Amino acid sequence: MSFQILLYHGLYREREEIRGKPAREYVSERDFRGQVRWLRENGYSLLTLGECLSRSERGELPRRTVCLSFDDGKRSDLELAAPVLAEEGVRGTFFVIPGWLGNPNIMVPEEVRRLAGMGMEIGSHSMTHPFMSTLSQAEMDREAADSKRFLENLVGTSVENFSYPFGDVDRRSRDAVVRAGYRTACGTRRGANTPPWDWLLLRRWGMHETTGLEGLRRILDRGTPTLLERGADWVKRSVGTDRYVRWRERILRRAGE
Ligand SMILES: [Zn+2]
């Protein structure tokens, strides 16, 4: 029994829409539709994270299960991704940041409610998207618990899934997530999720503009990260996620100049 989680950061219809943004993190609506269709046609069960947990607890996790997850609460989650999922009759898990709602290209509260109304699962991506490991315990608790409460009030259902901002997680932030009452939490380390399950640090595959259908097929067939990907995950853990992310951003910015 295993399942794999894909991580999207937003979609675009015309490439023009993402000018000046880190293109790597966006996927075109066309590619996304192609990926979802291909998964459906090739016998994959597309489940929300909550369904993955409950089905696996009952020992009923389908053999080929994929969960589609979305970080940051972009407006394209509602406008582009959700309609494709609805067309295909499947659901996804959307991790929202209450403190960001209403920012440019991010949903407003009412839009999150509409997303939930379409049957999509809403999870928390913290209150303000900090590096969790750099916070005091009280701050960590607030990030985890306040965002949960806010989103539960907004959508009217319980919010049980968390996504660590930047994939930054340590023993303390993990404990804060448990204290807040979440049942699952996602990081950004790559790979399939296999028993013994670690429901508080699930692995995910980042989907990029260049991944395409071929890339998706390779990922799912492989199930394990390449040596290079493992190396990157290791560096991130060793130097600290906050330092790693800032360093990577600086390099990407320089490359883009
Ligand atoms: Zn994020």
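Helices and strands here are DSSP runs, helices of at least four residues and strands of at least two, numbered from the N terminus. The model is predicted.

**Exercise 1. Place Pro-196 among these elements and describe the peptide bond that leads into it from Pro-195.**

Solution. Start with the place. Pro-196 sits in the loop between S9 and strand S10 (205–206). Now take the bond. From Pro-195 to Pro-196 the peptide is cis, and omega is near 0 degrees. Set that against the general pattern: most peptide bonds are trans.

**Exercise 2. Judge how compact the protein is from its radius of gyration.**

Solution. List the elements: the protein has nine helices and ten strands. Next, compare two values. The radius of gyration is 17 Å, and the globule rule gives 18 Å for 257 residues. The two are close, so the protein is as compact as a globular protein of that length. Add the extents: the C-alpha trace spans about 50 × 45 × 40 Å along its principal axes. Then the interior: 40% of the 257 residues count as buried. Finish with contacts. Of those between residues at least 6 apart in sequence, 66% join residues at least 24 apart.

**Exercise 3. Describe how H3 and H4 pack.**

Solution. Two quantities describe a pair of packed helices: the angle between the axes and the distance between them. For H3 (residues 75–88) and H4 (residues 109–117), the axes come within 9 Å and cross at roughly 30 degrees. The hand of this crossing is left. Now name the residues. Arg-75, Asp-77, Leu-78 and Ala-82 come from H3, and they meet Glu-111, Arg-114 and Leu-115 of H4. Sort them by class: three are nonpolar, four are charged and none is polar.

**Exercise 4. Find the buried residues of H2 and the strands they pack against.**

Solution. H2 covers residues 49–57, and its Leu-49, Gly-50, Glu-51 and Cys-52 are buried. Follow their contacts. The buried residues of H2 pack against S1 (3–8), S5 (65–71), S6 (93–96), S7 (121–124), S8 (161–163) and S9 (184–186). Then look past the helix: Gly-59 follows H2 and has a positive phi, near 70 degrees.

**Exercise 5. Decide whether Arg-91 is buried or exposed, and list its contacts beyond four places in sequence.**

Solution. Locate Arg-91 in the loop between H3 and S6. Count neighbours: 20 other C-beta atoms lie within 10 Å. The cut-off for buried is 20 or more. Arg-91 is therefore buried. Leaving aside neighbours within four places, Arg-91 contacts Thr-48, Leu-85, Gly-119, Met-120 and Glu-121. Check one distance as well. Ser-69 is 22 residues from Arg-91 in sequence, and 9.6 Å away from C-alpha to C-alpha.

**Exercise 6. Classify the surroundings of Ser-126 and His-129.**

Solution. Begin with phi. Most residues other than glycine have a negative phi. Ser-126 has a positive one, near 80 degrees. His-129 also has a positive phi, about 65 degrees. Ser-126 lies in the loop between S7 and H5 (137–155), and His-129 is in the loop between S7 and H5 too. Now count. Ser-126 has 29 C-beta neighbours inside 10 Å, so it is buried. His-129 has 17 inside 10 Å, so it is partly exposed.

**Exercise 7. Compare the reach of H8 with its expected span.**

Solution. H8 runs over residues 227–239, 13 in number. Its reach from first C-alpha to last is 18 Å, close to the 18 Å expected at 1.5 Å a residue. Just after H8 comes Gly-240, with a positive phi of about 95 degrees. Within H8 lies Ala-232. Ala-232 has 16 C-beta neighbours inside 10 Å, so it counts as partly exposed.

Conventions: Residues are numbered from 1 along each chain as its sequence is written. This is a predicted model: local features need pLDDT of at least 70, side-chain atom pairs count only at pLDDT 80 or more; totals for chains, interfaces and linings use all residues. The expected span of a helix is 1.5 Å times one less than its number of residues. The radius of gyration is taken over C-alpha atoms; the globule rule is 2.2 Å times the number of residues to the power 0.38. A residue is buried if 20 or more other C-beta atoms lie within 10 Å of its own, exposed if 12 or fewer, and partly exposed in between; C-beta atoms are placed from the backbone. Two residues are in contact if their C-beta atoms, placed from the backbone, lie within 7 Å. Axes are lines fitted to C-alpha atoms, for helices over the stretch in contact, and angles run from 0 to 180 degrees between N-to-C directions. A crossing is left-handed if the near helix is turned anticlockwise from the far one by less than a right angle, and right-handed if clockwise. Ala, Val, Leu, Ile, Met, Phe, Trp, Tyr, Cys and Pro count as nonpolar, Asp, Glu, Lys and Arg as charged, and the others, Gly among them, as polar.
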